[in-house]
Structures are given as structure tokens and as C-alpha cells.
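Hi there,

Here is the structure I promised to pass on. Have a look at it first, and my notes on what turned up follow below.

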Amino acid sequence: MLDRFRLPIPCVKIEPVNMTLTPTSKLVQSIMQLPPESVSAPRNLIVLLTTGAFCPIHLGHTAMLQAAKDFIEAADKRNIVLGAYISPTHDYYTEHKLGNLNACVEDRLHMCRVATKDIPWIDVDLWEASQSDFVDFPEVADRLKGFLNDSDAVQGALRTKVGEEATRLQKKQQSLESPIRVVYVCGFDLAMRCSLRSLQRSDCGIAVVLRDSPTPDLVAALRARMFRLEWKGSCFVVPAAETDKYVSSTSVRNARREGSGEVWRMCHPGVVRYIIEKRLWDPMLP
């Protein structure tokens, strides 16, 4: 009987080992696997970013990034999506939003790492979660853009590819002409609710992935809002990914609290095992 009232296992702080707050190993590997001509000018070099509570991360989150990548690359053959980052937000925001349903940032980061472990082009950025207070998404995007364009590892990989292309064409190696642009990936509600002008001012793009089949009038309103911002070439309205339908972190938490096996359909198996191990949203807890 006492086991019924046992509290969830406390968070153990997960420190990054041999990596910065923004890991680059996946991104560098992704760049090195590209054909040399892929990064030569004129190209639009893009890294995707999505932020949020990820409490917990589910299959819809990774499907949203995949849908954005596929759509952006299909929209223009010059668009090259080099990789993507998932950035869990600060505990200050999630505690305010979710109350006692919040999972601490160490748990949320760990689940994000598990969910993306086998996806070679998606990584987890710890910078936002490690700040002393909440940081809004435009600042997160602007900081990531600056970091990637200043990163010796990332820029070195790009220069290597440009050099390979110059060798192939027997030409003098040119300098990189196209900086990496961060494209922020979000849902319809956030795009309509929040100010997007800061993203535009920092020369970041946006990809709005439609979910729950919004009406044509709502989609038209979204396009009109972006048109008013004169967001040219960096603004994408992406059709919904099939696996994204009917999946949300709220539905995962509810299924878990009800003892439903549906959580296995909604989340990466490793994430579900971690949720069970840490007794997150445990149906046996009051």
C-alpha cells in the first residue's frame, strides 16, 4: 500500500559530457555527408529550430521537423536543410504553464535526447534550458544563428565541402557566400498568437506546420499576416504530417495518468520506458 504514495524519482542533474550547450557533432556529420556541390553558392543553407516544453516529447514533434525539412527542400532546389535542433524551454515557463504536471528540465532534456538519438540530423540544444530565466523563441533563434555562423567546427565542415567542390571543378576555392539561416518551426497557434517581427529582424525564417486541419479562412489569415511582414523566401506554410495528427504532450500525459497503453503509440519507446522508470504522470500517484 505504501508504494502507491511513493513520490516520483527526483531529478538527477544531467551534465553535458564532452560537448557544449549546443552540440555540433551531428550537424558536422550531416554536412560532411553532403555532396560537395550542395553547399556551394548559390545555396540557402538552413538549420531548423523548434522550442517548447516537450513535456514530454512525442512522435509529432519529430514528424513536424521532418515535414518542414521535406517541404522547404521541395520548395526550392537551392534550399539545403543541414540539420535541426530541439530546444526545451526553461523550467520557469513550464512550471507556470503546467504546475504539478511539469517534468523538470533534466527529465525533459533526457527524453529529447532519447527521442532523437537515432535521427542523424536532429539534435538537442541545451542553451535555452540552461539560462537563469525564461528566454523567448526569437532570442533563442537569433542566438543559434550567431553560434552556428561563428562555430569553428560547423564553418570548418562547410569550408571543407567548398574546397572539395573547387577541387572537383579544378577552380580556385571560394569563400562561403551563404551564411546559415535558422528557420523556426512551429504550429499554427503560435504563429498567429505571438509576434514574429523579431524573427524577421534577426534574418531568421519561419515554417508553420499546420495541424488539426485549420479552415481555409484561417490559413488565408496566416498567409496574409506573413505577407504584411514582407517575409520573402524564408516563410513556409507546411501541410500537416500524418503522424502529427491527434498527438500532443497533453494527450500523452492524460494517457499515462489513465494507465493507457496509447503512450507507446505516441512516443519513442525509450521515452515511454523513461517515463515509467521515473514515475512521471504515474497513474498510481494521487
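How many of the residues of strand β5 (residues 205-209) are buried? In this predicted model, five of its five residues are buried, so you can call the strand mostly covered, given that buried means under 20% relative accessible area. Side chains in a regular strand alternate between the two faces of the sheet. In β5, Gly-205, Ala-207 and Val-209 point one way, while Ile-206 and Val-208 point the other way, and all are buried.

β5 has a strand partner in β4 and another in β6. With strand β4 (residues 181-187), the pairing is parallel and runs over five bridges; here Tyr-184 has Ile-206 of β5 as its bridge partner. With strand β6 (residues 235-238), the pairing is again parallel, over four bridges, and Val-208 is matched with Val-237 of β6.

Next, helix α10, which covers residues 216-228. Its 13 residues should span 18 Å at 1.5 Å a residue, and this agrees with its end C-alpha atoms, which are 18 Å apart. The buried residues of the helix are Val-219, Leu-222, Arg-225 and Met-226. These cover an arc of only 120° around the axis, so they sit on the same side of α10. What do they pack against? Their contacts are with α8 (188-193), β5 and β6, so when you follow the buried side of this helix you come back to the strand we started with. On the face turned away from that side you will find the exposed residues Pro-216, Asp-217, Phe-227 and Arg-228.

A word on the cysteines, in case you were wondering. The structure holds zero disulfides. Cys-235 is in no disulfide, and the nearest cysteine sulfur, that of Cys-186, is 9.7 Å away. Cys-235 counts as partly exposed because its relative accessibility is 23%, whereas Cys-204, at 1%, counts as buried.

Now for the charged pairs. A search of the whole structure finds 10 salt bridges, and these are some that I looked at:

- Lys-278 and Asp-107 meet through their side chains at 2.9 Å, N to O. This pair links distant parts of the chain, 171 residues apart: Lys-278 lies in the segment after α13 (269-277) and Asp-107 in helix α4 (residues 105-116). Lys-278 counts as buried at 7% relative accessibility, and Asp-107 counts as buried at 3%.
- Arg-181 and Asp-203 form a salt bridge whose closest N and O atoms are 2.6 Å apart. They too link distant parts of the chain, 22 residues apart, with Arg-181 in strand β4 and Asp-203 in the loop between α9 (197-201) and β5. Arg-181 is partly exposed, with a relative accessible area of 25%, and Asp-203 is also partly exposed, at 41% relative accessibility.
- Asp-282 and Arg-279 form a salt bridge with their closest N and O atoms 2.5 Å apart. Asp-282 counts as buried at 8% relative accessibility, as does Arg-279 at 7%. Both belong to a network of salt bridges that also links Arg-256.

If you open the model, β5 is a good place to begin: follow its pairing to β4 and to β6, then turn to the buried residues of α10 that pack against it.

Best wishes

Methods. Residues numbered from 1 in each chain as written. Predicted model: local features only at pLDDT ≥ 70, side-chain atom pairs only at ≥ 80, totals over all residues. Heavy atoms only, no water. Buried < 20%, exposed > 50% of the residue type's maximum accessible area, 1.4 Å probe, protein only. Helix = DSSP H or I, 4+ residues; strand = E, 2+ residues; numbered from the N terminus. Pairing = 2+ DSSP bridges. Expected span 1.5 Å × (residues − 1). Arc of directions from axis to C-beta. Contact = heavy atoms within 4.5 Å. Disulfide = S-S within 2.5 Å. Salt bridge = Lys/Arg side-chain N within 4 Å of Asp/Glu carboxyl O.
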